[in-house]
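Dear colleague,

I am passing on the structure below, followed by notes on its pocket and its cores. Please look at the coordinates alongside the text.

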Amino acid sequence: MMTVRLIAHTPEPEKVVAAAAKLCYSDAHITDLLDGLDEEKTARFLTMLSDLGHASPIEHASFTFGIEGVSRTLLAQITRHRIASFSVQSQRYVRLDDFRYVIPPEIEAIPEAKAAFIESMNEDAQRYLDLVQKLEDGHTARLMAEGMPEKQARAKASKQANEDARFVLPNACETKMVVTMNARSLQNFFHLRCCSRAQWEIRALAEEMLRLVYPVAPHLFAKAGPACVSGPCPEGKMCCGRTAEVRARYAALKGEPQNG
């Protein structure tokens with residue numbers, strides 16, 4: 001099961017961004033940047049930045065998430081967002097004795113498909129552990145033949161076994177990570193991954209990340225979400241056709257009043 005936590009962020013992120021913007025548009029000294037930046041003036045600066053399309057100051061605010069219970073399929077997608085920092089549980093150094101995996105909802109919904117999927121996962125887990133053992137035994141024997149004591153040989157062989165046995169692990173295999181993005185990268189991430197055309201797992205992650213950062217910086221993320229939240233859908237013929245529904249969904253997520 002996916003779990004997402006906002007574990008750290010820039011203190012007073014909106015004020016930091018407003019101070020950076022203030023420097024761009026005034027002759028204020030560095031020591032004076034925060035002077036007079038109350039909540040109202042901070043919000044005004046952030047609104048001005050949004051209206052001008054001046055995005056670089058919002059890069060000064062960053063947010064760090066702890067994410068677990070997601071698949072290696074998701075990992076392959078999220079690391080395409082290159083202006084970010086990722087620390088991911090290694091399959092090379094961590095042996096997956098407790099094999100866990102993500103079941104796609106469409107598979108979960110069909111009993112026969114779910115049964116076949118679970119059977120496949122169980123087989124993959126067994127093959128992985130069998131391969132680990134064979135590799136570990138083989139490496140241990142070789143290292144001992146080279147003169148290494150058995151205990152030391154077994155420890156080194158164990159790490160070597162993990163390195164190659166992981167090649168049989170499926171994309172469904174669970175992983176965990178710590179991810180840090182600045183606010184500008186997050187806005188781009190939400191723009192692309194909250195869209196209904198995004199893959200279901202990363203869309204769920206993006207929505208949960210937005211739910212966590214919005215209360216911390218509501219002016220920074222006032223227009224965050226899929227592109228259609230703040231403008232026309234850019235997907236052309238691939239548009240889902242549910243713009244009003246999507247806008248209502250993200251207004252509710254942000255706790256905004258809805259018409260009607």
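**Pocket and cores**

The largest pocket holds about 490 Å³ of space. Please keep in mind that this is a predicted model. The pocket is lined by 24 residues, and Ser 50, Gln 187, Leu 220, Lys 223 and Ala 224 are the closest to its centre. Two elements, α2 and α7, each give two or more residues to the lining. The top contributor is α2, with 5 residues. Sorted by class, the lining consists of 12 nonpolar, 10 polar and 2 charged residues.

Turning to the interior, the largest nonpolar core comprises 44 residues. Phe 63, Ile 78, Leu 186, Phe 190, Leu 220 and Phe 221 have the most contacts inside this core. Two or more residues each come from the helices α1 (13-25), α2 (39-52), α3 (72-78), α7 (183-193), α8 (200-213) and α9 (243-253), and from the strands β2 (62-71) and β4 (174-182). The largest share, 7 residues, belongs to α8.

Leu 220 thus appears in both lists: among the residues closest to the pocket centre and among those with the most contacts in the largest core.

Phe 190 can serve as a starting point for inspection. Leaving aside residues up to four places away in sequence, Phe 190 touches Cys 195, Ala 206, Met 209, Leu 210, Val 213, Phe 221, Ala 224, Gly 225 and Pro 226. Another core, of 12 residues, lies apart from the largest one and includes Phe 117, Met 121, Ala 161 and Leu 169.

Regards

Technical notes. Residues are numbered from 1 along each chain as its sequence is written. This is a predicted model: local features need pLDDT of at least 70, side-chain atom pairs count only at pLDDT 80 or more; totals for chains, interfaces and linings use all residues. Side-chain values use heavy atoms; hydrogens and water are left out. A nonpolar core is a set of buried Ala, Val, Leu, Ile, Met, Phe, Trp, Tyr and Cys residues joined through side-chain atoms within 4.5 Å. Buried means under 20% relative accessible area, exposed over 50%, partly exposed in between (1.4 Å probe, protein chains only). Helices (H or I, at least four residues) and strands (E, at least two) are DSSP runs, numbered from the N terminus. Contact means heavy atoms within 4.5 Å. On a 1 Å grid over the protein atoms alone, a cavity is a set of points where a 1.4 Å probe fits but cannot get out, and a pocket is an open set with protein on both sides within 12 Å along at least five of seven lines; lining residues have an atom within 4 Å of a point. Grid points are joined across faces, edges and corners, and a volume is the space filled by probe spheres set on the points. Ala, Val, Leu, Ile, Met, Phe, Trp, Tyr, Cys and Pro count as nonpolar, Asp, Glu, Lys and Arg as charged, and the others, Gly among them, as polar.
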